[in-house]
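The following exercises are to be worked with the sequence and the coordinates at hand. Each task is followed by a stepwise solution.

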Amino acid sequence: MTVRQQIQRFGRFLSGMVMPNIGAFIAWGFITALFIPTGWIPNEHLGALVGPMIIYLLPLLIGYTGGKMVGGPRGGVVGAVATMGVVVGTDVPMFIGAMIMGPLGGWVIRKFDEAVAGKVPAGFEMLVNNFSAGIIGMIITLLAYVAIGPVVLALNNVLKSGVQAIVNAGLLPLASIFIEPGKILFLNNAINHGVLGPLGVQQVQEAGKSIFFLLETNPGPGLGILLAYWLVGRGTAKQSAPGAIIIHFLGGIHEIYFPYVLMKPVMLLAVIAGGMTGVFTFVVTKAGLVATPSPGSIFAEIAMAPKGGLLPVLLGIFLSAAVSFFVGSIILKRSAKDELDDLDSATLKVEELKGKKLSVSQVKTGKVSKIAVACDGGMGSSAMAASVIRKKIRDAGLNIEVINSSLEDIPKDVDIVITHKELTERAKKTAPAAEHISITSFVNNPLFDELVERLKDQL
């Protein structure tokens, strides 16, 4: 496993504890935006929900999810109980503590279950299960409260001070040098939900809004790239860009523009320039959101803007798009014509590798009953592509189930797995027995139609 794949896997693990609970974060964000003293409808009684939700509810949800990821439902329960050990006694949202204690609780109970498997007398299973979870949960919670909690709190304060120092020094725009390439390498969910989201929630508690919610979710740089390909590019990239703009900017699926950068890596300069412009604008205008806009659609950005804070958010988004478009257009205009057909070439290469030229052992030759479209988070580009393929399968009269999932949650009984080529190797580790199809674009991809025709021929 390469270093990049290891980073992606670790980032996926962190974001995997947060993403299933995004609805709760958004609910908290709406309550905050509406009822705090500076909100749209200030209400002291209803605003009393804000504190308990951020201090107790959200960390406990993260702890439960992390424990469940490692140790199943029992691991989730022990993980949530263990999280209370770092939550109690502090007025700081313990997201880092939850990301530590949740998986730790799940791991301990899983190891216990493995140790006693087959050794519990008949009739005592429920007794052992309940008391083991209770006793282990108690021990870990006490350990967290006495020893781990203070350490995590000190670490949290160090991180907070460091981030604040960067903000005070006006260096936050430089974060785009790392954030934008990280997104292109499919670390977007890890960066947003694993790092910036928890920092943003803590800042909201103190200031009522946070700029951290805007750093990764800003759709401006991606919009500028797609506009540049649409107006200046050639070939398939130019033709597919308008549809990608709708999916990216309105639908919030940022993964849709990643292939346009990957096929011409120098375009990273355009997204970095756009990202830095947006962050600089957000800093100068003191822009911020009240919660994570997920997905990163312009509609979600507007919905999460605080009272009186919409204009700075929109200004930063559109200025970042303008700069990204300007730089991207210059790069494309100076490119040779054959260099602008890389999306076509990439698609053809995939067809050669995954189409007729594949050996029989690499292609699913038996009956296909389930197809999975997978991406890093399992809710963005994979959901969109699965919807497109599902409709084509249905129109062709085929009785094949089409699902979308994260890379780590691909079902074992899947026959065909479709992923972006940058994620295929990770998908193969989860579903080694399945046929794997790599794609470079989720928009108007001819491989979808070829797959359907192939499946029809196999009937």
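**Exercise 1.** In which loop is the place of Pro432? Determine also whether Pro432 is buried or exposed.

Solution. The model is a predicted one.
Step 1. Pro432 lies in the loop that connects α17 with β4.
Step 2. The relative accessible area of Pro432 is 66%. Exposed residues are those over 50%, so Pro432 is exposed.
Step 3. Lys412 stands 20 residues from Pro432 along the chain, and the two C-alpha atoms are separated by 8.9 Å.

**Exercise 2.** Establish how β3 pairs with strands β1 and β4, and find the handedness of the crossover from β3 to β4.

Solution.
Step 1. Strand β3 covers residues 416-420, and five of its five residues are buried.
Step 2. With β1 (residues 370-375), β3 forms a parallel pairing over three bridges. Within this pairing, Ala372 has Val417 of β3 as its bridge partner.
Step 3. With β4 (residues 435-439), β3 again pairs in the parallel sense, here over five bridges. Ile418 is bridged to Ile437 of β4.
Step 4. Between β3 and β4 the chain passes through helix α17 (residues 424-430), and the resulting β-α-β crossover is right-handed.

**Exercise 3.** Locate Asp415, classify its accessibility, and identify the backbone nitrogen that its side chain reaches.

Solution.
Step 1. Asp415 belongs to the loop between β2 (401-406) and β3.
Step 2. The relative accessibility of Asp415 is 8%. The limit for a buried residue is under 20%, and therefore Asp415 counts as buried.
Step 3. The side chain of Asp415 reaches the backbone nitrogen of Ser369 at a distance of 2.7 Å.

**Exercise 4.** Describe the length and the burial of helices α2 and α12.

Solution.
Step 1. Helix α2 (residues 22-35) has 14 residues; from first to last C-alpha it reaches 20 Å, close to the expected 20 Å.
Step 2. Of the 14 residues of α2, 10 are buried, so the helix is largely enclosed by the rest of the structure. Among them are Phe25, Trp28 and Phe35, together with Gly29 and Thr32.
Step 3. Helix α12 (residues 268-285) has 18 residues and reaches 26 Å between its first and last C-alpha atoms, close to the expected 26 Å.
Step 4. The buried residues of α12 include Gly274, Gly275 and Gly278, as well as Val271, Ile272 and Phe282.
Step 5. Just after α12, Lys286 adopts a positive phi of about 60 degrees.

**Exercise 5.** Characterise the surroundings of Gln203.

Solution.
Step 1. Gln203 is part of helix α7 (residues 176-207).
Step 2. The relative accessible area of Gln203 is 19%. Because buried means under 20%, Gln203 is classed as buried.
Step 3. Neighbours within four places in sequence are set aside; Gln203 is then in contact with Gly208, Lys209, Ser210, Ile211 and Phe212.
Step 4. With Ser210, Gln203 makes a polar contact between side chains at 2.5 Å.

**Exercise 6.** Over which residues does pLDDT stay under 50?

Solution.
Step 1. For the protein chain, the mean pLDDT is 84, and 90% of its residues reach 70 or more.
Step 2. The value stays under 50 over residues 346-361. For these residues, the model has 20 contacts beyond four places in sequence.

Key:
Residues numbered from 1 in each chain as written. Predicted model: local features only at pLDDT ≥ 70, side-chain atom pairs only at ≥ 80, totals over all residues. Heavy atoms only, no water. Helix = DSSP H or I, 4+ residues; strand = E, 2+ residues; numbered from the N terminus. Expected span 1.5 Å × (residues − 1). Buried < 20%, exposed > 50% of the residue type's maximum accessible area, 1.4 Å probe, protein only. Pairing = 2+ DSSP bridges. Right-handed = clockwise from strand over helix to strand, strands pointing away. Polar contact = N/O pair within 3.5 Å; in protein donor to acceptor, adjacent residues only side chain to side chain. pLDDT = per-residue confidence, 0-100. Contact = heavy atoms within 4.5 Å.
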